[in-house]
Amino acid sequence: GKTGRMQENRDTTPPQDTTALGWALFEAIPDCVKLLATDGTVLAINRNGLRSMDIEDAGTVRGKPWFAFWPRESHADIEASMQAARAGGTGRFSAAGTTIKGSPKWWDVMVTRTAAGDQQTCLLAISRDISEQVRLDAERRQAERALHASRERFEKIVSQASTGVVQLDAEGRIVLANQKYCAMVGRSEAELLGMSVAEVTAPQSRVQTQDALARLKAGAAGVALDKYYLHKDGSLVSATSSVNALRGPDGEFEG
């Protein structure tokens, strides 16, 4: 038989209009993208950048120093990021700024070295709007501070209460006890933490206590019962207990 020769045709010709492709990608990036001269002069800004900076005419930006769009306290970070990019690395920083119309924003910025169509060295600055993330983080920190302060007030009130106060988890284990409660059962808080409430309840009151907890788990808001606690020395302590359910944000029983 005859042997045939397969011919593979490969088109190794580069795209004819790489510059146009580069500008299309420049415009398509959803962040604020600026092409800078190595000294930081703005050469171009993409459409999304104009929108995010409230700029109506790109001509008002071209030729201006990038520093002009940032508060003075950010200038050192900007210079450091450009210096890193000039050296072939990547400069990064996060900073607050305002749009042309004065709207406050937070930006996460990355600066790299690139080249324009004529191979002139340029810098590419990509600024991502992280204002919403910063706002949510600030709200979370504020909520955490408020929660911490509320917890401190709660613990102070509980510690100074003239009646015994104990907090149980969903399984009936002790997670908090004030000094009055510790004195009632003759144990330190360190001893009590992790113990089941049944262990400090007199045998004749355990069924009644477990029934109260079951009713709270089933949806009752609060239960009152007369019961006997068991002191560490074996003696009985008569008490009236008012037990209230702790529930999570979705109503789930937490203790």
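This is a short dialogue on reading a few features of a predicted model.

Me: I'd like to start with empty space inside the protein. How many cavities of 30 Å³ or more are there?

Reply: Rolling a probe the size of a water molecule over the atoms shows where empty space is left. Here the count comes to 1 cavity of 30 Å³ or more, and the largest cavity holds about 110 Å³ of space.

Me: Which residues lie nearest the centre of the largest cavity?

Reply: K34, M53, W66, F69 and W70 do, out of 13 lining residues. The lining is made up of 9 nonpolar, 3 polar and 1 charged residues. Strands β1 (32-36) and β3 (91-98) each supply at least two residues of that lining.

Me: How should I read the aromatic pair of W66 and W70?

Reply: Look at the distance between the ring centres and the angle between the planes. The whole structure has 4 aromatic pairs. In W66 and W70 the centres are 6.1 Å apart and the planes stand at 85°, so this pair is edge-to-face, as over 60 degrees counts that way. Both residues are buried.

Me: What kind of pair do W66 and F93 form?

Reply: A tilted one, with 6.3 Å from centre to centre and 55° between the planes. W66 sits in the loop between α2 (47-52) and α3 (75-86) while F93 is in strand β3, so the pair ties together parts 27 residues apart in sequence. W66, W70 and F93 form one aromatic cluster.

Me: Where can I find a hairpin?

Reply: Go to β6 and β7, which form one with 5 residues between them. The two strands pair in the antiparallel sense over 3 bridges, and V166 has A177 as its bridge partner in β7. In the turn, G172 has a positive phi of about 85°.

Methods
Residues are numbered from 1 along each chain as its sequence is written. This is a predicted model: local features need pLDDT of at least 70, side-chain atom pairs count only at pLDDT 80 or more; totals for chains, interfaces and linings use all residues. Side-chain values use heavy atoms; hydrogens and water are left out. On a 1 Å grid over the protein atoms alone, a cavity is a set of points where a 1.4 Å probe fits but cannot get out, and a pocket is an open set with protein on both sides within 12 Å along at least five of seven lines; lining residues have an atom within 4 Å of a point. Grid points are joined across faces, edges and corners, and a volume is the space filled by probe spheres set on the points. Helices (H or I, at least four residues) and strands (E, at least two) are DSSP runs, numbered from the N terminus. Ala, Val, Leu, Ile, Met, Phe, Trp, Tyr, Cys and Pro count as nonpolar, Asp, Glu, Lys and Arg as charged, and the others, Gly among them, as polar. Two strands pair if DSSP finds at least two bridges between them. Rings of Phe, Tyr and Trp (its six-membered ring) pair if their centres lie within 6.5 Å; planes under 30 degrees apart count as stacked, over 60 as edge-to-face and the rest as tilted. Buried means under 20% relative accessible area, exposed over 50%, partly exposed in between (1.4 Å probe, protein chains only).
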